[in-house]
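Visitor: I would like to learn how to read a protein structure. Could you take me through it, step by step?

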Amino acid sequence: MSDDEITLTAGDAEVVLAPGNGGRVRSLRVGGAELLRQGERFGCFPMAPWCGRMRDGRFRDGAKLHRMPLNSPPHAIHGTVRDGAWRVARAGRTEAVLTYDLAAPWPYPGRVTQLAALTEDSLTLTMSVETYDSSFPAQAGWHPWFNRTLDGEDVRIAFSPAWQEERGEDHLPTGNRIDPTPGPWDDCFGMPGGVDVTLTWPGRLELAVTSREEWVVVYDEQPEAVCVEPQTGPPDGLNTLPRLVTPIEPLETATTWTWRRL
């Protein structure tokens, strides 16, 4: 099995992983229906060591200020691991493990490990961010691009967040929590009981995106796709709500997509 592509199968579900293209899930087919938008920058990519936009590409670790490339000016977006090639640590019929060694422009050494586990009715993605040396702030999450339509029917998005992060003109949270507003969204929501978002393609498929994390970004401003992104903190979280990775405490997170046919 090459590092270029790994195929997992369980029942009539098939997942294709692309280690060489950011460790992303390139394809998820259920009963022959492709659920992910296709293309080099789509599918579902892991986000680490930060998620979403980082204000002005800058974050502080104690007194030290670090600058990341502005790949979504005026901000840096979605971390660095989606831009590199991952290594295949293990690959079987229903599971695969990929690893990525953190490198410049990220200023700290470390390793990101992603496990993909497929069953007949679910895909579970697990990620850990580890350091062997310096502690550092980090975030982790996933950015899936689900196809908006199946058989010409638009997807329906259902979830009950406790709050919405108010979005400023710079697309970053202002720090205020507001009552959830109607879409379209490019917004972060809080779900303290864990992320639980259901996508329904009428007459075809229902898919639940769940995670123990309490943060999810929902993006549905494109005609081709919708995104439901569970993550360990809000956008710009390295500055506002950092999670510290230490040699004895990695950052660990997981999400499960569970589907049923309608």
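Guide: Happily! Keep in mind that this is a predicted model. Let us begin with a network of salt bridges that links R55, D170 and D236.

Visitor: How many salt bridges does a search of the whole structure find?

Guide: The search finds 17 of them. For a salt bridge, look for a side-chain nitrogen of Lys or Arg within 4 Å of a carboxyl oxygen of Asp or Glu. D186 and R53 fit that rule, with their closest N and O atoms 3.6 Å apart. D186 belongs to strand β21 and R53 to strand β6 (residues 53-54), so this pair ties together parts that lie 133 residues apart in sequence.

Visitor: Are D186 and R53 buried or exposed?

Guide: Both D186 and R53 are buried. The cut-off to remember is that buried means under 20% relative accessible area, while exposed means over 50%.

Visitor: Which residue does D101 form a salt bridge with?

Guide: The partner of D101 is R111, and their closest N and O atoms are 2.8 Å apart. D101 sits in strand β11 (residues 95-102) and R111 in strand β12 (residues 110-119), with their positions 10 residues apart in the count along the chain. D101 counts as partly exposed because its relative accessible area is 29%. R111 is partly exposed too, at 27% relative accessibility.

Visitor: And what about R90 and E95: how do their side chains meet?

Guide: The side chains of R90 and E95 meet in a salt bridge, at 3.4 Å from N to O. R90 is partly exposed, with a relative accessible area of 42%, and E95 is partly exposed as well, at 30%.

Visitor: Let us turn to pockets. Why roll a probe over the atoms?

Guide: A probe the size of a water molecule, rolled over the atoms, shows where empty space is left. In this model, the largest pocket has a volume of about 340 Å³.

Visitor: Which residues lie nearest the centre of the largest pocket?

Guide: They are R53, I77, H78, H143 and D186, out of 24 lining residues. Elements giving two or more residues to that lining are β15 (141-147), β19 (163-167), β21 (186-190), β24 and β25. Sorted by class, the lining holds 9 nonpolar, 6 polar and 9 charged residues. You have met two of the central names already: R53 and D186 form a salt bridge with each other.

Visitor: What is the volume of the second largest pocket?

Guide: The second largest pocket has a volume of about 190 Å³. Its lining includes R55, E165, W215 and D236. Strand β20 (residues 173-178) gives the largest share of this lining, 4 residues. By class there are 5 nonpolar, 3 polar and 4 charged residues. Notice R55 and D236, which also belong to the salt-bridge network with D170.

Visitor: Now a turn between strands. In what sense do strands β7 and β8 pair?

Guide: Strand β7 (residues 58-61) and strand β8 (residues 64-67) pair in the antiparallel sense, over 4 bridges. To follow the pairing, start at R58, whose bridge partner in β8 is R67. The hairpin has 2 residues between the strands, and there G62 takes a positive phi near 65°.

Visitor: One last stop: where is P223 found?

Guide: P223 is in the loop between β24 (215-219) and β25 (225-231). With a relative accessible area of 63%, P223 is exposed. Its C-alpha atom is separated by 23 Å from that of M47, which is 176 residues away along the chain.

Definitions and conventions:
Residues are numbered from 1 along each chain as its sequence is written. This is a predicted model: local features need pLDDT of at least 70, side-chain atom pairs count only at pLDDT 80 or more; totals for chains, interfaces and linings use all residues. Side-chain values use heavy atoms; hydrogens and water are left out. Buried means under 20% relative accessible area, exposed over 50%, partly exposed in between (1.4 Å probe, protein chains only). Two strands pair if DSSP finds at least two bridges between them. On a 1 Å grid over the protein atoms alone, a cavity is a set of points where a 1.4 Å probe fits but cannot get out, and a pocket is an open set with protein on both sides within 12 Å along at least five of seven lines; lining residues have an atom within 4 Å of a point. Grid points are joined across faces, edges and corners, and a volume is the space filled by probe spheres set on the points. Ala, Val, Leu, Ile, Met, Phe, Trp, Tyr, Cys and Pro count as nonpolar, Asp, Glu, Lys and Arg as charged, and the others, Gly among them, as polar.
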